[in-house]
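Opening the notebook on a new model today. I want to see how a few side chains sit.

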Amino acid sequence: MSDTDATADPQVPLIRRAGDVEYEEVDAAEGLQKGVLVGEEHGAPNLAIRRFTLAPGAEVPKHTNEVEHEQYVLAGEYVVGIDGEEHTVRGGDSLHIPAGAVHWYRNERDIEGAFLCAVPTGDDSIDLIEE
């Protein structure tokens with residue numbers, strides 16, 4: 001079993017260590033960071049798992065994606081808006097955001113929020129919604 005990112009063979013198992021995941025700021029929102037835990041570049045042909053963090057005060061604007069998202073809240077408490085309705089989510093909660101649904105995030109707390117997001121691999125167009 002491999003514990004490096006060197007393989008892109010979908011037939012080879014992979015273990016990625018937490019310290020090997022690189023996080024980057026997401027351009028669409030200040031205070032939002034993304035790390036790809038497992039994705040196409042690691043040999044996963046169908047699904048990608050990403051970890052996002054929402055800094056205190058972070059806001060992600062209204063947007064849509066071409067692909068569905070399944071999310072699991074790891075930590076914190078923040079607001080998720082989906083198709084005009086807002087929901088407060090906490091660690092342990094799960095979400096399904098259908099493809100094309102308008103959604104947004106807002107961390108009103110003084111602690112970081114974090115969630116996992118599973119999406120199909122491949123291209124995903126993100127369209128910001130002008131208000």
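These are my entries on a valine, some aromatic rings and a lysine.

Ground rules first: this is a predicted model, where local features need pLDDT of at least 70, side-chain atom pairs count only at pLDDT 80 or more, and totals for chains, interfaces and linings use all residues. Residues are numbered from 1 along each chain as its sequence is written, and side-chain values use heavy atoms, leaving out hydrogens and water.

Entry, valine 119. I found valine 119 in strand S10, residues 113–120 (strands are DSSP runs of E, at least two residues, numbered from the N terminus). Its relative accessibility is 6%, so I log it as buried (under 20% relative accessible area, 1.4 Å probe, protein chains only). Beyond its neighbours within four places in sequence, its contacts include Asn46, Leu47 and Val67 (heavy atoms within 4.5 Å).

Entry, aromatics. I searched the whole structure and got four aromatic pairs (ring centres of Phe, Tyr or the six-membered ring of Trp within 6.5 Å; planes under 30 degrees apart are stacked, over 60 edge-to-face, the rest tilted). Phenylalanine 52 and phenylalanine 115 are stacked, at 5.1 Å centre to centre and 15° between the planes. This pair joins strand S3 to strand S10, 63 residues apart, and both rings' residues are buried. Tyrosine 78 and tyrosine 105 have planes at 55° and centres 6.5 Å apart, so I call that pair tilted. I also noted that Phe52, Tyr78, Tyr105 and Phe115 form one aromatic cluster.

Entry, lysine 62. Its charged end sits over the ring of tryptophan 104, 4.8 Å from the centre (NZ of Lys or CZ of Arg within 6 Å of the ring centre and within 35 degrees of the ring normal).

Definitions and conventions:
Helices (H or I, at least four residues) and strands (E, at least two) are DSSP runs, numbered from the N terminus. Buried means under 20% relative accessible area, exposed over 50%, partly exposed in between (1.4 Å probe, protein chains only).
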